[in-house]
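The exercises below are meant for a reader who is meeting this structure for the first time. Please attempt each task before reading its solution.

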Amino acid sequence: MEFKLSNLKLDKVIKWSKVLVIVGGGLVIGLSTYAVMLYYNRKKETLTDEGFEDNVKLSDEPPERKILVLGLDGAGKSSFLHNLSKTAAPRKTSDKTCGFNIVSFSTENGINMNFWEIGGSEIFRRYWSNFLLDTDVLVFVVDATDARRLSEVVFELHKLSADERLQKVPFFNFGK
Ligand SMILES: Nc1nc2c(ncn2[C@@H]2O[C@H](COP(=O)(O)OP(=O)(O)O)[C@@H](O)[C@H]2O)c(=O)[nH]1
Ligand SMILES: [Mg+2]
């Protein structure tokens with residue numbers, strides 16, 4: 001009887017051990033799967049974060065300012081830009097601007113200043129209106145010593161100041 005009982009106990013122990021091994025194994029497999037899933041989810045989040053950081057970096061690019069430099073031909077626009085940009089190559093006085101000329105430099109506080117000089121002869125003046133959009137400041141260069149062309153200057157200035165796109169743009173008149 002005692003033998004039978006201990007046999008029965010042994011059976012029970014074996015049975016419970018099997019149950020424990022199965023449940024334990026299941027738990028280990030379940031926990032491992034959960035851990036792997038957690039790991040991949042974290043990795044995915046990190047990658048998304050990195051992508052987001054890249055996007056933020058793109059929008060963190062230095063601010064740009066567009067300064068339009070206009071004036072009649074020979075008014076001194078190129079000379080004005082040349083004096084602003086110290087790195088520019090030495091310039092011959094006979095240089096004439098064909099179409100347009102852009103000089104860019106950064107300020108100490110990291111703003112990119114783009115100076116757009118558009119040719120000032122009559123043939124180019126008709127294209128000035130194509131360059132007005134998104135202007136932050138307009139520099140109008142005048143040859144103050146040339147009284148003969150003053151009416152031409154006033155005409156062009158009036159035309160510019162009437163343009164819708166320049167209503168909130170500060171004008172800076174520069175006389176040489
Ligand atoms: N005397 C004098 N001549 C200047 C001055 N600025 C420019 N010039 C001369 O004026 C001419 C036309 O200048 P430029 O800058 O090419 O004029 P832009 O056509 O308006 O670009 C050149 O011969 C320059 O050397 C200035 O401040 N004083
Ligand atoms: Mg010029």
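The following exercises, each with a worked solution, concern a predicted model.

**Exercise 1. The overall make-up of the chain**

Task: Determine how many helices and strands the protein chain has, and in which pattern they follow one another.

Solution: Begin with the count. The secondary structure of the protein chain comprises four helices and five strands. Next, follow the sequence from its start: the pattern is α-β-α-β-β-α-β-α-β. Then turn to burial: 12% of the 176 residues of the protein chain count as buried. Finally, consider the contacts between residues at least 6 apart in sequence; 69% of them join residues at least 24 apart.

**Exercise 2. The sheet**

Task: State the order in which the five strands form the open sheet, and explain which strands stand at its edges.

Solution: The strands are arranged in the order E2-E3-E1-E4-E5, and their pairing is mixed. E2 and E5 (171-175) each have a single partner strand, so one side of each is left without a neighbour in the sheet. These two strands therefore stand at the edges. Direction ignored, neighbouring strands of this sheet are turned by 20 degrees against each other on average.

The individual pairings can now be taken in turn.

- E2 and E3 run antiparallel and are joined by seven bridges.
- E1 and E3 are paired in the parallel sense, over six bridges.
- E1 and E4 are likewise parallel, with four bridges.

Task: Which residues stand opposite one another in these pairings?

Solution: Start with E2 and E3. Ser 106 stands opposite Asn 112 of E3, and Val 103 stands opposite Phe 115 of E3. For E1 and E3, the bridge partner of Arg 65 is Met 113 in E3. For E1 and E4, Val 69 has Val 139 in E4 as its bridge partner. The hairpin of E2 and E3 has five residues between the strands, and Gly 110 takes a positive phi near 80 degrees there.

**Exercise 3. A residue of an edge strand**

Task: Decide whether Ile 102 is buried or exposed, and name the residues that Ile 102 touches.

Solution: First locate the residue: Ile 102 belongs to strand E2. Then count its surroundings. There are 12 other C-beta atoms within 10 Å of Ile 102, and a residue with 12 or fewer is exposed. Ile 102 is therefore exposed. Leaving aside residues up to four places away in sequence, Ile 102 touches Asn 114, Phe 115 and Trp 116. Ile 102 and Leu 81 are 21 residues apart in sequence, and their C-alpha atoms are 8.9 Å apart in space.

**Exercise 4. Helix H2 and its buried side**

Task: Identify the buried residues of helix H2 (residues 77-84) and explain why they lie on the same side.

Solution: The buried residues in H2 are Lys 77, Ser 78 and Leu 81. They cover an arc of only 95 degrees around the axis, which is why they are on the same side of H2. The next step is to ask what covers them: the cover includes strands E1 (64-70), E2 (100-106), E3 (112-118) and E4 (137-142). The placement of the helix completes the picture, as H2 lies across E1, E2, E3, E4 and E5 and runs at about 160 degrees to E3.

**Exercise 5. The shell around ligand 1**

Task: Describe the residues that surround ligand 1.

Solution: The shell has 13 residues, of which the closest are Gly 76, Lys 77, Ser 78, Ser 79 and Lys 176. By kind, the residues of the shell divide into two nonpolar, eight polar and three charged. By element, H2 gives the most to the shell, with three residues.

**Exercise 6. Two further residues**

Task: Decide how exposed Asp 134 and Glu 152 are.

Solution: Asp 134 is found in the loop between helix H3 (122-125) and E4. Because Asp 134 has 11 C-beta neighbours inside 10 Å, this residue counts as exposed. Asp 134 also has a positive phi of about 65 degrees, although it is not a glycine.

Glu 152 is placed in helix H4 (residues 150-161). With 14 C-beta neighbours inside 10 Å, Glu 152 counts as partly exposed. Glu 152 and Gly 71 are 81 residues apart in sequence, while their C-alpha atoms are 10.0 Å apart in space.

Definitions and conventions: Residues numbered from 1 in each chain as written. Chains lettered and ligands numbered in written order. Predicted model: local features only at pLDDT ≥ 70, side-chain atom pairs only at ≥ 80, totals over all residues. Buried ≥ 20, exposed ≤ 12 C-beta atoms within 10 Å, placed from the backbone. Arc of directions from axis to C-beta. Contact = placed C-beta atoms within 7 Å. Near = placed C-beta within 6 Å. Nonpolar A, V, L, I, M, F, W, Y, C, P; charged D, E, K, R; others polar. Pairing = 2+ DSSP bridges. Axes fitted to C-alpha atoms, helices over the stretch in contact; angles between N-to-C directions.
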